[in-house]
Each structure stands twice: as structure tokens, then as C-alpha cells.
Amino acid sequence: TLDPLAARRPDGGLFMWSEQKTDSETIVSGNPTYANSSAAALLSYDVPHSIPWDWRVSLYTWTKGIAAGVYLVALFLVVLSLAYLPKGMFDWPLMASSPLWLWATPILSGVFLAITGGLLIWDLEHPARFYMIFTRPQWRSWLVRGAFIIAGYSTVLALHFLASLAGSTSVQLILILPGVVLGVLTAIYTAYLFAQAKARDMWQSALLPPHLLVQSLLLGAATLMPSALWLEPQSFAPLAWTLSATTLIHLLMVWGEVTLTHPTAHARLAVWEMVKGRYRVFFWAGLAVSLGGMFAPWLGIFAAPLALTGLLLHEHAYVQAGQSVPLA
């Protein structure tokens with residue numbers, strides 16, 4: 001009664017008065033191949049439950065990662081240039097007067113942040129009431145905290161763009177400190193939002209915040225590469241190496257996540273659903289396509305769409321698999 005994995009699901013795809021709908025968007029108690037106990041219990045009364053967070057949440061984590069990563073990666077290259085690195089491998093990565101930093105960075109980040117906000121509002125049960133997040137905030141909720149973080153980050157991006165419009169190159173440097181703080185928080189706050197879903201054991205991972213930051217840097221480097229090729233060719237090489245390094249770290253973190261022993265049966269089943277179950281096609285396709293990002297210094301611009309697509313597939317597998325375990 002208390003453990004939805006303990007009893008056996010009957011054969012034939014039927015309960016006593018309902019069907020067992022076992023597609024990628026629903027959850028049914030029990031599991032025919034994994035984590036059942038030896039108790040001679042048989043499920044008789046149950047109905048499928050829809051998975052609450054669909055593709056919009058998977059897409060939101062991806063667009064939010066791009067919005068944060070574009071600014072953070074560009075900022076990192078500008079700081080390297082300001083540090084007067086000796087000419088060598090990268091030959092001055094990105095100057096503070098570069099159009100890639102002054103224009104492409106706030107525009108790309110702002111566009112994807114706007115898409116992120118639209119997806120968040122669309123996913124609400126009552127989208128027209130989204131303003132209540134700001135007028136009647138529940139501060140213990142990371143949904144509310146995340147909304148204010150995104151609002152602060154969007155303000156930094158808007159000021160960055162307006163300063164560029166006014167012909168300034170110094171205001172953007174003043175905004176670096178709040179920009180890096182809010183950019184990092186934008187990238188990682190979803191880990192704390194997921195962790196508030198206490199029954200979703202796979203999401204209770206201390207490595208999720210740094211993993212989301214790595215994913216954001218990966219997405220930012222890949223998104224900036226086409227613009228760099230056009231606006232700032234000398235920045236293309238450091239972006240390619242950044243994409244290669246972050247892809248490798250991402251793949252290693254995924255490997256650790258799926259191979260280490262998990263503390264609960266619910267976490268093990270969620271990982272099984274991601275790796276071998278209903279979401280295995282998204283998971284393995286995402287890893288295979290992401291491998292292209294590791295070879296960005298040699299594949300050039302062709303690595304960018306591979307890395308972006310691969311991480312989108314992985315995000316969908318991860319978000320859906322985390323919700324795939326029955327809770328009742």
C-alpha cells in the first residue's frame with residue numbers, strides 16, 4: 001500500500017476496471033521488470049497518472065542554460081583579455097570593444113531568456129496569473145526565487161545592451177560582478193527547484209548544481225561559435241576549446257551519475273528508465289550526438305549544432321525519467 005513499486009503489475013495491460021497506459025507521458029504503479037518485492041501482492045485498482053512536467057520544462061532548462069552560458073562564456077574570454085594574457089594559443093580571446101561582447105552577447109542571452117520566461121509562464125496552471133509570483137511571492141519556493149533571479153539577470157542584460165547602444169564600453173565592465181553572480185544563479189537554481197520535489201529521488205543530487213553550470217557553459221560556447229566566426233574570428237578557437245572541455249566534463253558527470261550506486265529503489269528505477277527504459281532513445285542519442293562537441297577544435301562550426309542538439313535530448317531524458325517513478 002505504501003510502496004508503489006512493491007506489488008506486481010498484472011499481465012495483459014489491464015487493471016480490474018482500467019487500462020494500463022504505459023507511454024512516455026504517464027506513470028502507472030508497479031513495474032514489470034524492475035524493483036518489485038517478493039510479496040505476493042497484485043495491483044488491481046489503479047489508473048495512469050500524467051507526468052506533470054512535459055517537454056516545456058525540458059526545453060526551458062535548455063534555453064535557460066543558453067541564456068546564462070552565452071554571457072558567462074563571453075565574460076570569461078573578456079576577462080582573459082583584460083588580464084593581458086601573452087599572445088600565444090588564443091591571441092587575445094575577446095576584447096572589451098568587440099561587437100561579439102557588446103552586441104551579440106546581450107542579444108543572444110536576452111532572446112533565449114525571453115523564451116525561457118515564456119515557457120515558464122506557459123507551463124503554469126493559470127498562465128494569466130503569472131504576475132502573482134511578483135505581487136504575492138512565496139519566498140520558500142525556488143520557483144519564486146528563480147523568477148526574481150531571472151528578472152535581475154534580464155536587467156543586467158538590458159543595461160549591457162543599452163550601454164552598447166549609447167556607445168559605451170565601460171558600463172559593461174561595471175556590470176560584470178552582478179552579471180556573473182546572476183548568470184551563475186540563473187544556470188543553477190533549477191537544481192534547487194528540482195530538489196524541492198522531495199519524492200523525486202534522482203533529483204536529490206549534490207552534483208546537480210555544478211552539472212547545470214557545466215551544461216550552461218557548454219551551451220553558451222556552442223551558441224556563440226557561429227557569431228564568433230562572423231564577428232570575431234580570433235575568438236572561435238577559444239570557444240571551440242571551451243566547448244570541447246565542457247562536453248568532456250558533462251559526459252564524465254553523466255557517466256558517474258548513471259554508474260554509481262543509488263541510495264533508493266526509486267532513484268535506481270528513474271535511472272533505469274532513463275538508460276534502459278522509456279527514455280533510452282533520448283538518452284543514448286543525446287550522448288552520441290554530444291560527442292561531436294568534444295571534437296569542436298577539429299570539427300569547427302559543425303560541432304555547435306551537435307552539442308546543442310545532444311544536450312537538449314539529454315535534458316528531456318533527465319527531466320522525464322525523474323518523474324517516471326510512481327508515487328502512489
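The largest nonpolar core holds 74 residues, and Trp101, Met202, Leu224 and Leu243 touch the most other members. Such a core joins buried Ala, Val, Leu, Ile, Met, Phe, Trp, Tyr and Cys residues through side-chain atoms within 4.5 Å. Buried means under 20% relative accessible area with a 1.4 Å probe, protein chains only. Helix 1 (residues 55–82) gives the most to this core, with twelve residues.

This is a predicted model: local features need pLDDT of at least 70, side-chain atom pairs count only at pLDDT 80 or more, and totals for chains, interfaces and linings use all residues. Residues are numbered from 1 along each chain as its sequence is written, and side-chain values use heavy atoms, without hydrogens and water.

Take Trp101. Beyond its neighbours within four places in sequence, Trp101 is in contact (heavy atoms within 4.5 Å) with residues including Tyr71, Leu75, Val78, Pro106, His160 and Gln172.

The chain has twelve helices and two strands. These are DSSP runs: H or I of at least four residues for helices, E of at least two for strands, numbered from the N terminus. Both strands precede the helices in the pattern β-β-α-α-α-α-α-α-α-α-α-α-α-α. The chain is as compact as a globular protein of its length, because its radius of gyration is 22 Å, close to the 20 Å of the globule rule for 328 residues. That radius is taken over C-alpha atoms, and the rule is 2.2 Å times the number of residues to the power 0.38.

| Property of the chain | Value |
|---|---|
| C-alpha span along principal axes | about 70 × 50 × 25 Å |
| Buried residues | 48% of 328 residues |
| Contacts 24 or more positions apart | 75% of contacts with a separation of 6 or more |

Definitions and conventions: Buried means under 20% relative accessible area, exposed over 50%, partly exposed in between (1.4 Å probe, protein chains only).
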